[in-house]
Amino acid sequence: MDNRVQTSQGVLWLSKVGKEEFEQPDLYLEQKMLLAAEGEFLTLKHRFQLSQGEAIIVSKDAGGTGTFPSYLIVLLQQGQAPQLLSHADFYSETHTIIYSQKGDVISMDLGLQNGLKKT
């Protein structure tokens with residue numbers, strides 16, 4: 001996925017608007033900032049079409065060795081403000097994420113954690 005995706009609520013994109021060259025881009029929906037990078041690398045990973053909108057997976061990574069990417073979901077539903085969904089356990093120690101979708105149910109395989117499969 002590119003660092004820009006067309007959604008039902010406008011373009012979701014990463015930009016360094018007003019930032020120094022070395023700073024990481026922030027996440028915007030049209031002209032509204034949804035998330036400041038705060039030293040992390042943000043990457044748009046995957047877009048899912050839902051019956052009432054869409055969900056976009058965003059990866060956050062501090063960079064460097066020994067860091068794990070964590071993820072959040074940008075949920076865009078018809079007639080509602082954008083929501084950023086995250087959880088402390090929404091990361092992958094194996095740097096892996098495999099997606100599947102059945103209707104409005106999205107499943108994500110995040111590899112192994114402490115020898116156990118993490119979904």
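Me: Which charged end sits over the ring of Y91, and how far is that end from the ring's centre?
Reply: Keep in mind that we're looking at a predicted model. The residue you want is K118: its charged end lies 3.5 Å from the centre of the Y91 ring, sitting over that ring.

Me: Okay, now rings with rings. How is a pair of aromatic rings described?
Reply: You give two things, the distance of the centres and the angle of the planes. Here the count comes to 4 aromatic pairs. Take F48 and Y99, one of them: the centres are 5.8 Å apart and the planes meet at 75°, and since an angle over 60 counts as edge-to-face, that's what this pair is.

Me: Where in the chain do F48 and Y99 sit?
Reply: F48 is in strand 5 (residues 41-50) and Y99 in strand 9 (residues 98-102). They are 51 residues apart, so to speak a link between distant parts of the chain.

Me: And are F48 and Y99 buried or exposed?
Reply: F48 is buried, at a relative accessible area of 3%. Y99 has 23%, which makes it partly exposed, because buried means under 20%.

Me: What kind of pair do Y71 and F90 make?
Reply: A tilted one: the ring centres are 5.7 Å apart with the planes at 50°, and that angle is neither under 30 nor over 60. This pair also links distant parts of the chain, with Y71 in strand 7 (residues 70-77) and F90 in the loop between strand 8 (83-85) and strand 9, 19 residues apart.

Me: How buried or exposed are Y71 and F90?
Reply: Y71 counts as buried at 4% relative accessibility, and F90 is buried too, at 14%.

Conventions: Residues are numbered from 1 along each chain as its sequence is written. This is a predicted model: local features need pLDDT of at least 70, side-chain atom pairs count only at pLDDT 80 or more; totals for chains, interfaces and linings use all residues. Side-chain values use heavy atoms; hydrogens and water are left out. Rings of Phe, Tyr and Trp (its six-membered ring) pair if their centres lie within 6.5 Å; planes under 30 degrees apart count as stacked, over 60 as edge-to-face and the rest as tilted. Helices (H or I, at least four residues) and strands (E, at least two) are DSSP runs, numbered from the N terminus. Buried means under 20% relative accessible area, exposed over 50%, partly exposed in between (1.4 Å probe, protein chains only). A charge sits over a ring if NZ of Lys or CZ of Arg is within 6 Å of the ring centre and within 35 degrees of the ring normal.
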